[in-house]
Amino acid sequence: MLEEKACEACGAYFMPSRASQIYCPDCGKNGCKIRRRVEKGIAHSKALDQFYNPTVYDLVCKQCGTSFKSTHQGREFCSSKCRKEYKRERVVCDNCGALLKDVLTDIPDEILDKPHHYCSEKCREEHKKKLEVSRYGVKKCRQCGKEYVSKNQYFCSRECSVTYRKEHPEVKQKSKVQAVLLPHLMHPTVHQMTAGEKREKEQKEYIRKNGLCGICKTPYSDCERMQSGFRLIPKGAKYADDKIRYCPKYRGPKCG
């Protein structure tokens with residue numbers, strides 16, 4: 001025997017007519033919509049309650065050990081001063097891994113939040129070269145054969161590029177052809193549809209929705225032959241070999 005259950009949409013108790021029934025007769029087929037609306041209202045109420053009555057957490061500062069209160073559970077420091085002191089004691093050079101406090105007498109506050117830190121200009125340049133190598137890779141110049149690191153694909157400098165093209169005029173000619181063709185490859189011309197093509201496209205769409213006469217290939221709603229019960233030939237149509245070769249109602253490609 002079935003027992004009384006609560007509606008999953010409005011929460012009212014009702015006597016189900018079958019075991020799989022989850023919505024009361026009042027909710028019926030609209031039970032899913034009512035349920036989503038109720039859940040959305042509950043979530044909105046919770047968000048408003050959290051905004052006006054936020055949860056306050058008792059936390060301990062990682063730097064000075066002072067207890068403080070905050071509405072953000074993940075907060076680690078009681079103030080920006082403690083955060084900077086904590087980071088200043090632990091920040092390391094990205095190149096050599098040395099603690100900056102052991103190398104530098106004073107660490108400005110503005111460099112603490114930067115993504116990279118260096119103990120000297122030498123480490124800065126070395127780390128910059130490492131980043132460039134990982135990004136571009138080591139290449140060999142086509143002109144002088146020197147290894148270089150740059151986004152330039154073939155030459156280490158502009159001088160090598162100019163010299164190479166002077167010595168190889170066929171490459172220069174090829175580059176001119178590419179310069180002429182490249183804009184067309186990058187920005188292909190958009191085909192402008194003519195009036196006839198536009199009319200044909202509209203006709204095909206109309207045919208797709210309304211169908212075609214099997215004889216004159218005219219849409220059903222425009223075919224006089226079909227509207228007359230196949231007793232009349234459309235006015236102005238050309239009929240030959242038991243087939244309509246031309247129909248004025250059809251403005252697309254030629255019939256037949």
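**Exercise 1. Place H127 in this predicted model and decide: is H127 buried or exposed?**

Step 1: start with the secondary structure. H127 sits in helix α4, which covers residues 121-136.

Step 2: check the cover. The relative accessible area of H127 is 11%. Buried means under 20%, so H127 counts as buried.

**Exercise 2. Which residues does H127 touch, leaving out those up to four places away in sequence, and which side chain is joined to that of H127 by a polar contact of 2.9 Å?**

Step 1: list the neighbours. With residues up to four places away set aside, H127 touches D94, N95, H116 and Y118.

Step 2: look for the polar pair. The side chain of Y118 is the partner, at 2.9 Å from that of H127.

**Exercise 3. Now follow H116: where does H116 lie, and which side chain does H116 make a polar contact with?**

Step 1: find the segment. H116 is in the loop between α3 (100-103) and α4.

Step 2: judge exposure. At 37% relative accessible area, H116 falls between the 20% and 50% cut-offs, so H116 is partly exposed.

Step 3: go through the contacts. Not counting residues up to four places away in sequence, H116 touches D94 and H127. The side chain of D94 also makes a polar contact with the side chain of H116, at 3.0 Å. D94 turns up in the contact list of H127 too.

Step 4: add the backbone view. C93 and H116 are 23 residues apart in sequence, yet their C-alpha atoms are 7.8 Å apart.

**Exercise 4. What span should the 16 residues of α4 have at 1.5 Å a residue?**

Step 1: work out the expectation. The rule takes 1.5 Å times one less than the number of residues, so α4 should span 22 Å.

Step 2: compare with the model. The end C-alpha atoms of α4 are 22 Å apart, which agrees.

Step 3: see what comes next. G137 follows α4, and its phi is positive, near 80°.

**Exercise 5. Take two residues from two helices, K129 and F51: are they buried or exposed?**

Step 1: K129 belongs to α4. Its relative accessible area is 56%, so K129 is exposed. The C-alpha atoms of K129 and V149 are separated by 8.2 Å, with their positions 20 residues apart along the chain.

Step 2: F51 is found in helix α1, residues 31-52. With a relative accessible area of 62%, F51 is exposed as well.

Step 3: put F51 in its surroundings. Together with L48 and Y52, F51 makes a nonpolar surface patch of about 380 Å².

Definitions and conventions:
Residues numbered from 1 in each chain as written. Predicted model: local features only at pLDDT ≥ 70, side-chain atom pairs only at ≥ 80, totals over all residues. Heavy atoms only, no water. Patch = residues over 30% accessible without salt bridge, like charges linked within 9 Å, V, L, I, M, F, W, Y side chains within 5 Å. Areas by Shrake-Rupley, 256 points an atom, 1.4 Å probe, with all protein chains shown as cover. Salt bridge = Lys/Arg side-chain N within 4 Å of Asp/Glu carboxyl O. Helix = DSSP H or I, 4+ residues; strand = E, 2+ residues; numbered from the N terminus. Buried < 20%, exposed > 50% of the residue type's maximum accessible area, 1.4 Å probe, protein only. Polar contact = N/O pair within 3.5 Å; in protein donor to acceptor, adjacent residues only side chain to side chain. Contact = heavy atoms within 4.5 Å.
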